[in-house]
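Let's take a walk through this structure together, starting with its charged pairs and ending at its surface.

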Amino acid sequence: MHVADRLMKIKSAGRFLADGATSLFFPPICLGCRRIVAAGGTLCGSCWGEVHFLEQPWCAVSGVPFVMDMGEGAISPAVMASPPAYDRSRAAVAYDGAARRLAQSLKYQDRTDLAPWLARWMARAGREILADADMLVPVPLHRQRFLTRRFNQSAELARAVARISGVAFVPEAAIRIKKTVPQVGLKSKEREDNVRAAFKVPDRAAERVRDQHVCIVDDVYTTGATVAALATCLRKAGAREISVLTFARVLPGDFRRERPAPI
Ligand SMILES: [Zn+2]
């Protein structure tokens, strides 16, 4: 046996022991609240109850669910009144309850271990997009912010979705050239101004993007200002089709109020 093979064997045995030890000393905990659950990578009953998965029937463009079925390909009045800069967007869940805690843990508590789980939900919500997309492009962070935070939550999600779907992960397709202030707390118009001209497709990436179906990946869709700015920049660089896939989406307030009460 070669030395390298032998080393590999020792390594995998070590990993096996380490995995066993992990499950022995650290019982599986709920991804949403850290209560002990039966299997790793799941939510406890109370967190599950809080997750609002976005399901069809939905607006063919925005992916925001309709209260009633409007027929295949129906588009919401909001999208008709103000068509977005991208072709389609989908999100796995409403940004609320346990889903909100998951998104915040990934972003602010360095819980990169959550990304593969959240990505599974995203792959399910975005299956039509992923069947046809040429590449996944995470919303880039400014270099300085990346240095202080050490990771980009959108890139973690995009990489995990790429692993599940087989679509190429191309983080170098866009860079953030303007150091924007965090969007939290800004109103819709302020968010647009903040991210305008924030992104750039570097010259070396232009050829890669041209005539391609690019799927932008982000953690949370709030007003859509960030992904719209990135979509505009990718479109200018020659992308043929632009989709958006996020883990969570802030739903228009009236949607929730209009949800029919259980009988
Ligand atoms: Zn829980």
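**Salt bridges, helices and a surface patch**

The count of salt bridges comes to 12, taking a side-chain nitrogen of Lys or Arg within 4 Å of a carboxyl oxygen of Asp or Glu as the rule. Keep in mind that this is a predicted model.

A good place to begin is E241, which pairs with R88 in a salt bridge whose closest N and O atoms are 3.1 Å apart. E241 belongs to strand β7 (residues 241-249) and R88 to strand β1 (residues 88-94), so this contact ties together parts that are 153 residues apart in sequence. Both E241 and R88 are buried.

Now step to R240, whose side chain meets that of D134 in a salt bridge (3.4 Å, N to O). This pair, too, links distant parts of the chain: R240 sits in the loop between α11 (225-236) and β7, D134 in the loop between α6 (127-130) and β2 (135-138), and the two are 106 residues apart. R240 counts as partly exposed because its relative accessibility is 45%, and D134, at 29%, is also classed as partly exposed.

What joins these two pairs? E241 also forms a salt bridge with R240, with 3.9 Å between the closest N and O atoms. Through shared partners, R88, D134, R240 and E241 become one network.

Turning to the helices, the axes of α5 (residues 115-125) and α8 (residues 153-165) come within 8 Å and cross at roughly 60°, which means that α5 is oblique to α8. The crossing is right-handed.

Finally, look at the surface, where V67, M68 and M70 form a nonpolar patch with about 310 Å² of accessible area together. M70 lies in the loop between α2 (45-50) and α3 (77-81) and, at 48% relative accessibility, counts as partly exposed.

Definitions and conventions. Residues numbered from 1 in each chain as written. Predicted model: local features only at pLDDT ≥ 70, side-chain atom pairs only at ≥ 80, totals over all residues. Heavy atoms only, no water. Patch = residues over 30% accessible without salt bridge, like charges linked within 9 Å, V, L, I, M, F, W, Y side chains within 5 Å. Areas by Shrake-Rupley, 256 points an atom, 1.4 Å probe, with all protein chains shown as cover. Helix = DSSP H or I, 4+ residues; strand = E, 2+ residues; numbered from the N terminus. Buried < 20%, exposed > 50% of the residue type's maximum accessible area, 1.4 Å probe, protein only. Axes fitted to C-alpha atoms, helices over the stretch in contact; angles between N-to-C directions. Parallel < 35°, antiparallel > 145°, perpendicular 65-115°, else oblique. Left-handed = near helix turned anticlockwise from the far one by under 90°.
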